[in-house]
Amino acid sequence: MASKIPIVTLLIVMLSCHAANAQLSPNFYASSCPNLQTIVRNAMSRAVNRETRIGASILRLFFHDCFVNGCDGSILLDDTATFTGEKNAVPNRNSARGFEVIDTIKTNVEAACSATVSCADILALAARDGVALLGGPTWQVPLGRRDARTASQSAANNQIPSPFANLATLTSSFAAKGLSTRDLTALSGGHTIGLARCTTFRGRIYNDTNIDANFAATRRANCPASGGDNNLAPLDIQTPTRFDNDYFRNLVARRGLLHSDQELFNGGSQDALVRTYSNNPATFSADFAAAMVRMGNISPLTGTQGEIRRNCRVVN
């Protein structure tokens with residue numbers, strides 16, 4: 001019997017490590033809100049048809065939510081006279097967008113199943129659907145997150161990875177959230193869709209040397225050395241509204257828009273994986289979907305923690 005004790009101990013440790021995530025299940029609302037996924041998908045389909053960019057915007061909201069105290073819907077909370085949220089943190093100010101789409105989905109979900117589905121779960125589903133609607137993979141989203149009653153502007157300022165970061169900094173940022181370098185590289189592939197502001201890539205196109213000269217010249221035309229901070233450029237110059245593996249092809253060609261993008265292919269540890277993704281879209285899609293589930297499992301509020309917000313912008 002003695003020889004079995006380590007195995008039992010190991011099982012207990014493994015179970016306790018996964019206790020929070022074990023409470024999340026794709027079937028969490030199967031009986032309490034059976035049409036949830038259809039409601040979210042239909043609203044996202046309408047939103048993407050109106051503006052393809054919104055798929056990328058919602059994906060980014062989810063990423064910025066999960067990296068600040070877990071996937072708890074805290075990014076959705078508005079600032080008030082007595083409450084400081086995360087919307088005006090440096091990574092979100094003048095760039096986080098798509099809140100109205102989440103509001104619309106929440107209204108539709110409340111009409112079907114009031115006070116049942118969290119804003120955090122709605123954001124997780126909307127991010128998945130935005131990717132799928134733009135040609136990317138789909139996946140089962142574990143559900144059962146609850147909404148935070150708090151937010152942290154300081155954590156948003158300090159924990160959301162910067163577009164100016166080097167590979168070592170990116171690696172440690174993701175490791176702090178329990179994510180591997182493979183997760184980092186796969187999730188960075190979310191930059192196959194969406195737009196970035198001039199202020200986030202000015203240094204790259206004027207100062208970096210590991211950049212294709214023609215690409216830099218093209219981007220400089222709409223991003224002057226000073227001024228034009230909010231001028232936009234596609235993160236993926238080839239297919240900016242289609243979720244595919246062209247982002248990685250761009251990196252191999254030294255046409256990553258952000259400094260942090262090109263760091264993934266710059267003579268370092270991720271070069272081989274970037275090449276793999278650039279040549280094998282199926283591998284990228286599978287890894288991206290798996291990494292999205294892992295990111296969605298960061299420190300969820302479950303059980304009686306937090307609340308189910310009635311309005312995603314304010315605590316109950």
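In this predicted model, a salt bridge joins the side chains of Glu100 and Arg313, with a nitrogen-to-oxygen distance of 3.9 Å. This pair connects distant parts of the chain, for Glu100 belongs to helix 5 (residues 99-112) while Arg313 sits in the segment after helix 15, and their positions lie 213 residues apart in the numbering. Glu100 is exposed, with a relative accessible area of 52%. The cut-off for that word is an area over 50%, so the value of 52% places Glu100 in the exposed class.

Arg313 has a further partner in Asp103, and the side chains of these two residues meet in a salt bridge with an N to O distance of 2.7 Å. Here too the pair links distant parts of the chain: Asp103 is in helix 5, Arg313 is in the segment after helix 15, and the two are 210 residues apart. Asp103 is partly exposed, its relative accessible area being 21%. In general terms, side chains of opposite charge can pair when their charged atoms come close.

Another salt bridge is formed by the side chains of Lys87 and Asp78, at 2.4 Å from N to O. Lys87 counts as buried, at 13% relative accessibility, whereas Asp78 is partly exposed, with a relative accessible area of 24%. The residues named so far belong together, since a network of salt bridges links Asp78, Lys87, Glu100, Asp103 and Arg313. For the structure as a whole, the count comes to 15 salt bridges.

The discussion now turns from charged side chains to cysteines. The structure holds four disulfides. Counting the bonded cysteines along the chain, one finds that they are paired in the pattern 1-4, 2-3, 5-8, 6-7.

One of these disulfides is formed by Cys66 and Cys71, whose sulfur atoms are 2.1 Å apart. The torsion about their S-S bond is about 120°, and the disulfide is therefore right-handed. Cys66 is buried, with a relative accessible area of 0%, and Cys71 is likewise buried, with a relative accessible area of 0%.

A second example is the disulfide of Cys119 and Cys312, in which the sulfur atoms are 2.1 Å apart. Its S-S torsion is about -95°, so this disulfide is left-handed. The bond links distant parts of the chain: Cys119 lies in helix 6 (residues 119-133), Cys312 lies in the segment after helix 15 (281-296), and the two are 193 residues apart. Cys119 is buried, with a relative accessible area of 0%. Cys312 also counts as buried, at 2% relative accessibility. The segment after helix 15 thus holds both Cys312 and Arg313.

A third disulfide is made by Cys198 and Cys223, with sulfur atoms 1.9 Å apart. The torsion about the S-S bond is about 75°, so the disulfide is right-handed. Cys198 lies in helix 10 (residues 198-207) and Cys223 in the loop between helix 11 (213-220) and strand 2 (232-234), so the bond ties together parts that are 25 residues apart in sequence. Both of these cysteines are buried.

Helix 6, which contains Cys119, also takes part in a helix pair. Two packed helices are described by the angle between their axes and the distance between the axes. The axes of helix 3 (residues 36-50) and helix 6 come within 9 Å and cross at roughly 50°. This angle makes helix 3 oblique to helix 6. The crossing in which helix 3 passes helix 6 is right-handed. On the side of helix 3, the contact is made by Leu36, Gln37, Val40, Arg41, Met44, Ser45 and Val48. Helix 6 contributes Ile122, Leu125, Ala126, Arg128, Asp129, Gly130, Ala132 and Leu133.

Finally, two loop residues deserve attention for their backbone angles. Ala115 is found in the loop between helix 5 and helix 6. Its phi is near 55°, a positive value in a residue other than glycine. Ala115 is partly exposed, with a relative accessible area of 32%. Arg254 lies in the loop between helix 12 (246-252) and helix 13 (259-262). Arg254 has a positive phi of about 60°, although it is not a glycine. At 38% relative accessibility, Arg254 counts as partly exposed.

Notes: Residues numbered from 1 in each chain as written. Predicted model: local features only at pLDDT ≥ 70, side-chain atom pairs only at ≥ 80, totals over all residues. Heavy atoms only, no water. Disulfide = S-S within 2.5 Å. Buried < 20%, exposed > 50% of the residue type's maximum accessible area, 1.4 Å probe, protein only. Helix = DSSP H or I, 4+ residues; strand = E, 2+ residues; numbered from the N terminus. Salt bridge = Lys/Arg side-chain N within 4 Å of Asp/Glu carboxyl O. Axes fitted to C-alpha atoms, helices over the stretch in contact; angles between N-to-C directions. Parallel < 35°, antiparallel > 145°, perpendicular 65-115°, else oblique. Left-handed = near helix turned anticlockwise from the far one by under 90°. Contact = heavy atoms within 4.5 Å.
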